[in-house]
Structures are given as structure tokens and as C-alpha cells.
Amino acid sequence: MLACSVNIVVTELTGSTFDKFVTDNRIAVIDCWAPWCGPCRRMTPIMEELSKELEKKAGVAKLNVDENEAISIRFRIMAIPTLLIFKDGVHIDTLVGLRSKEDLMEYIGSV
Amino acid sequence: MNADVVIIGCGPAGLQAGIHSSRKKADTVIVGKIKNSALYDAHIENYFGIAGKTDGPVLLEKGLEQALSFGCRHIDMDVTRAAAEGSGFRITVESGEEIFCRSVVIATGISRMKLNIPGEKEFLGKGVSYCAECDCNFYKGLRVAVIGGGSKAALASELMTGYASVVYWVSKKISADKSLVNRALKTGVRPVTETPKVILGEDRVRLLLLEDGREIEVDGIFIELGGRSSADIAMDLGVMPEADDSVRINNKCETSVTGVFACGDITGEPWQLAKAVGEGAVAGLNAAGGVKGIK
């Protein structure tokens, strides 16, 4: 058998903590997900690793779209997983679909 | 139905796994359609011992015949669901039939997801989706089209009738099992027998243009080609695929889950016949060895 990955808990946001998280982090990466979504579950370990590697450079968090419909309507989310990217409190990009850690590291490095 | 080993996928990796598993006297069932193999649309000229060009279907049909001659059973259907059950696994096929087994070999190749038509890339996340299971909730009361002729599209169409106001099922040809098609039609899915050509809209999807010139007004388009994706089958069995949909294996073709093996294109590049066959042999031997207690 192969070894399993390490578990690191990524901050779980709600409608009431979302805006503060965005303004508290110069760069914020928010993974919009739902428990029944297979690709979202595959994003989980990637976000955990990203959270660890980007510590102090960017804030990494998750948002359950099923429980926070107002946020998904606000950002017009129609597919998951979707990553919302913020810089200095401003929504600068929306990335749709599963991505590798390497792709995301490269992308965030360019922000 | 019970079996020692179920092999999901009927390409070169799956067939070779079947040959080695059945020659080890394991009761082996291969599930899958040879037409779904990437080899079906290819020809071979770089495989050991086969000179000149050989068409993929010729090789696949001979391989299937060979596997059957060693005692393999073959179910010519897609897998719609897989799950761990007790000390083994339950594999469900299009007709609803279930197979209970001790070991599973995933040999499904890499699933084709994209349709490659204009508008598909531009509207991803703005009306275009590749996962009805994930995104159904965003389309409550809206009009959607599901594209694809296989079991995945049939199931997605049926699922979407629980959310959308109208569900069009768009495909020139239907290859899904009749029972799945009937189930989808009974729920009110509207079949459209034509090939999709262009996805149109402004900031969101608005229209699906068909080859015959017809236009369908829709708010969402679900592209659901072929059968259940290889990544989803892996996840059903508790194996977490990589971001590129490949599955990690060790030198015994074992995955991270005991009793689940993988071989062929799903384990990563090079996507070559020789590599698929080699891994198929290893996976088949070890899957059969595991159930027979042979080290």
C-alpha cells in the first residue's frame, strides 16, 4: 500500500467571516466547494498543502457553497470547485475546476 | 454475480490483466466496451513482435477472444458505480446488475472530458460544466442541455430533471444501455438527436447551436461524455487520483487501497500499448494472487 498525505485543517469560512478574511489577508485564496462534489474532495489535500506552503504569503480558506448560497450568488459561482482570488481586498480572478498544487503555486506567485 | 477479480476497462491493460488473472485460476470478470479504449481508434506499429500496421480493433478483439478462452467473463457495459463492501467490493453496471468481488483492477484509461467545440472553454463556469453531480444545485428552475451518448449522459440527464425546468439530452448517437435511456426518458428528459456545434452567449451561456442549424435556448450545458470517469471510479473505491486524473501505483500495481489495483493509461504517461500491457500483466497476477493467497 502507498502512504497517505498529511492532514492540515484549512480555515472554513461562512457568510459572516468571509469579508473579514478577505480584508485581513493581502492575498486570499478561497476554495468554493461542496461535500458531494468529487473534484472538490480531490482539491482538499491540494488546499491543505497550499495553506502550509503559502503561510504568511497568502490566506487560504474554504467555503461550502451549499451552506453559503449568498456568497455563491454574489460571485456568480455556477461550477465547483471554484477558487476566488483576492488581492488587497479586491476580487481579481475566478479559477474554475481542479488544479494541481504546482499550477496554483505558480499562479499565486504571479499575483 | 460473484467473482474473485473484476477488471474495469476493456482496453489492452484490462484485457492483459484478465488473461493473467484467469490463467492464475481466479474467477475473473472484465467489464467495459472495447470501443471505449483509446486503442480502438488507433493503429499499432511499435509493439514487440507485430510488424507493419495493425488496426486497434483487430488487436482488441483478438485480446478479448484470448481472455475469454482462458475463462474470463465479459460484460459489455459501462460501470456506473463502484464501492467497498465488507472485505471486498461491489461493482454496478449500466443494467443495474451488481458484481461482488475480492479484488478490483482499474484499467479504464484516461477519460475524455472535452467536446472541443467553440464556446466550451470560454463559458466554463459560466454555464458550461463537466460534472452534473457537482453543479446540479446551481441550475434550479433553469433550462439545461446534457451532451453525450453514453451512460454518464443518461444518468446526468435523469439527475438534472430533479433540478432544472427543462432538460435536453443532446447526442447524435446513444450508446447507453436501454434501461438507463428509458429511466431518463420517463423522468421527462427531452431527447435531441443531433450533434452540438457551438455554445453561444454573452457573459453566460444562452444558446446551443446544433449541426443542422437548430438553436436551443439554455442556461447551462453539461458535457458528460462516455461512462463514469476513471477518476470517479477510483474515488468510489477510496483511491484519491492526482490532479491530472492519474492514479499512483507501486511496482505491484497496487493503489493506496488494499485490493484495488490499477494499470494502463490511468497510471500516467507514457500512454503506450507496451506499457499498458506490461502493467496489465502485473496487475492481473497480483490481483489474482491476492485473492488466492499466493505471494
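**Exercise 1. Is Asn137(B) buried, partly exposed or exposed, and what surrounds it?**

Before starting, note that this is a predicted model, in which local features need pLDDT of at least 70, side-chain atom pairs count only at pLDDT 80 or more, and totals for chains, interfaces and linings use all residues. Residues are numbered from 1 along each chain as its sequence is written, chains are lettered from A and ligands numbered from 1 in the order in which they are written, and side-chain values use heavy atoms, with hydrogens and water left out.

*Solution.*
- Step 1: Find the residue. Asn137(B) sits in the loop between helix H3 (132-135) and strand S10 (143-147) of chain B. Helices (H or I, at least four residues) and strands (E, at least two) are DSSP runs, numbered from the N terminus.
- Step 2: Apply the cut-offs. Buried means under 20% relative accessible area, exposed over 50%, and partly exposed in between (1.4 Å probe, protein chains only). Asn137(B) has 23% relative accessibility, so it counts as partly exposed.
- Step 3: Look for contacts, meaning heavy atoms within 4.5 Å. Not counting residues up to four places away in sequence, Asn137(B) touches Trp36(A), Asp66(A) and Tyr163(B).
- Step 4: Check for a polar contact (a pair of N or O atoms within 3.5 Å; within protein, one must be able to donate a hydrogen and the other to accept it, and residues adjacent in sequence count only if both atoms are side-chain atoms). The side chains of Asn137(B) and Asp66(A) are joined by one of 3.3 Å.

**Exercise 2. Work out where Glu94(B) lies and what its side chain reaches**.

*Solution.*
- Step 1: Follow chain B to the loop between strand S7 (88-93) and strand S8 (98-106), where Glu94(B) is found.
- Step 2: Judge its accessibility. Glu94(B) is buried, because its relative accessibility is 3%.
- Step 3: Trace the side chain. It reaches the backbone nitrogen of Asp78(B) at 2.7 Å. A polar atom of the Glu94(B) side chain also lies 2.7 Å from the backbone nitrogen of Asp177(B).
- Step 4: Add the surroundings. Leaving aside neighbours within four places in sequence, the residues in contact with Glu94(B) include Lys33(B), Met77(B), Thr80(B), Ser151(B) and Leu180(B).

**Exercise 3. Describe how H1(B) and H2(B) pack**.

*Solution.*
- Step 1: Compare the axes, which are lines fitted to C-alpha atoms, for helices over the stretch in contact, with angles running from 0 to 180 degrees between N-to-C directions. Helix H1 (residues 12-23) and helix H2 (residues 56-69) of chain B have axes that come within 9 Å and cross at roughly 20°.
- Step 2: Name the arrangement. This makes H1(B) roughly parallel to H2(B). Angles under 35 degrees count as roughly parallel, over 145 as roughly antiparallel, 65 to 115 as roughly perpendicular and the rest as oblique.
- Step 3: List the partners. H1(B) contributes Pro12(B), Leu15(B), Ile19(B) and Ser22(B), while H2(B) brings Leu60(B), Gly63(B), Leu64(B), Gln66(B) and Ala67(B).

**Exercise 4. Now do likewise for H2(A) and H4(A)**.

*Solution.*
- Step 1: Helix H2 (residues 38-53) and helix H4 (residues 101-110) of chain A pack at about 40°, with their axes 10 Å apart.
- Step 2: At that angle, H2(A) is oblique to H4(A).
- Step 3: On H2(A), Met43(A), Ile46(A), Glu49(A), Leu50(A) and Glu53(A) meet Lys101(A), Leu104(A), Met105(A) and Ile108(A) of H4(A).

**Exercise 5. Which residues of H4(B) are buried?**

*Solution.*
- Step 1: Count them. In helix H4 (residues 151-160) of chain B, 7 of the 10 residues are buried, so the helix is largely enclosed by the rest of the structure.
- Step 2: Name them. They are Ser151(B), Lys152(B), Ala153(B), Ala154(B), Ala156(B), Ser157(B) and Met160(B).
- Step 3: See what they pack against. Among the elements of chain B are strand S6 (79-85), strand S11 (166-170) and helix H5 (178-186).

**Exercise 6. Inspect the backbone at Pro81(A), Pro270(B), Lys56(A) and Asp245(B)**.

*Solution.*
- Step 1: Check the prolines. The peptide bond from Ile80(A) to Pro81(A) is cis, with omega near 0°. The bond from Glu269(B) to Pro270(B) is cis as well, with omega near 5°.
- Step 2: Check phi. Lys56(A) is not a glycine, yet its phi is positive, about 75°. Asp245(B), another residue other than glycine, has a positive phi near 80°.
- Step 3: Check accessibility. Lys56(A), at 85% relative accessibility, counts as exposed, whereas Asp245(B) is buried with a relative accessible area of 16%.
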